[in-house]
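Visitor: I would like a close look at the aromatic rings in this structure. Please show me how they pair and what surrounds them.

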Amino acid sequence: MNYNYHTHTSRCGHATGTAEEYVITAIENGIKHMGFSDHLPLRFSDGTESHYRVPACEAEDYCKEILSLSAKYKDKIDLKVGFESEYYPELFDEMLENAVRWGAEYLILGQHYTFPENEGARHTVKESDSREELAAYTDSVIAAMRENVFSYIAHPDVFNFTGDADFYRGEARRLCAAAREMNVPLEINFLGIRGERHYPREDFWKVAGEEKAPVTFGFDAHEPESAFDKESLAKAERMVAKYNLNYIGKPELILIRDIKT
């Protein structure tokens, strides 16, 4: 594996280390294509901001820092700057315009909420047996795919559903079939592996294999040492073999500047 487009920085408030430390770790471990995709800033109508994203006042500096590192290490690594973003239909045009204005090159989808958290949305990692909430999550992800601006879907199995197993498999199939039809890669998330979280979910990836949805990998690094994760890589490769996944390797980035100009 010589790529990773899922990397965070300390600007989001829940990652550590300098951006350059992540780059150096990646280079030392043979990564040739790398992207930073910290959480896209979001300021709500009441003037407050989401607590786990890059502050809007730092977004331009974040992009400039990564672009500066891209120039510094251009002979060793192809480095891009982007954001991990939710898809909220009523806010997304502004979110996309801001990302481009600040200097981002690509987006990945990380649907941590199905509607803005300032309106009381449940975080998708919290246990839920609600069919309505799971269906809303699936609807959100599929709607995001249709926008044709997200290079891939981060942790598509992040929704922590604890209800009926048959219903879950049906929603997973709906999501994976859409990913196949629209050729949007789904990420096996290495933070979930090394953190022993509820994802990657075996039942989700079994369906992904049956549907032949395109699959990619992402380190989801929140500390420099995770800018390469050999142990999680081995486990992800075993999942690919176990479920006969349609692993595509490095995803093709959708350059959002081309869309908005």
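Guide: Here is a walk through the aromatic pairs, then one helix and some backbone details.

This is a predicted model, where local features need pLDDT of at least 70, side-chain atom pairs count only at pLDDT 80 or more, and totals for chains, interfaces and linings use all residues. Residues are numbered from 1 along each chain as its sequence is written, and side-chain values use heavy atoms, with hydrogens and water left out.

A pair of aromatic rings is described by the distance of the centres and the angle of the planes. Rings of Phe, Tyr and Trp (its six-membered ring) pair if their centres lie within 6.5 Å; planes under 30 degrees apart count as stacked, over 60 as edge-to-face and the rest as tilted. The structure holds 15 aromatic pairs. One of them joins tyrosine 62 and phenylalanine 83: the centres are 5.2 Å apart and the planes stand at 45°, so the pair is tilted. Tyrosine 62 sits in helix α2 and phenylalanine 83 in strand β3, so this pair ties together parts 21 residues apart in sequence. Helices (H or I, at least four residues) and strands (E, at least two) are DSSP runs, numbered from the N terminus.

Tyrosine 62 has 0% relative accessibility and counts as buried. Phenylalanine 83, at 0% relative accessibility, is also buried. Buried means under 20% relative accessible area, exposed over 50%, partly exposed in between (1.4 Å probe, protein chains only).

The rings of phenylalanine 161 and tyrosine 168 have centres 6.1 Å apart and planes at 15°, so that pair is stacked. Both phenylalanine 161 and tyrosine 168 are buried. Tyrosine 168 also has a charge over its face: arginine 201 lies 3.8 Å from the ring centre. For that, NZ of Lys or CZ of Arg must be within 6 Å of the ring centre and within 35 degrees of the ring normal. Elsewhere, Phe190, Phe217, Phe219, Phe228 and Tyr247 form one aromatic cluster.

The backbone beside arginine 201 deserves a look. The peptide bond from tyrosine 199 to proline 200 is cis, with omega near 5°. Proline 200 is in the loop between α6 (190-194) and α7 (202-211).

Back to α2 and β3. The buried residues of α1 pack against both, and against β2 (33-39); contact means heavy atoms within 4.5 Å. In α1 (residues 19-28), Ala19, Tyr22, Val23, Thr25 and Ala26 are buried. They cover an arc of only 165° around the axis (taken from the directions from the helix axis to the C-beta atoms), which puts them on the same side of α1.
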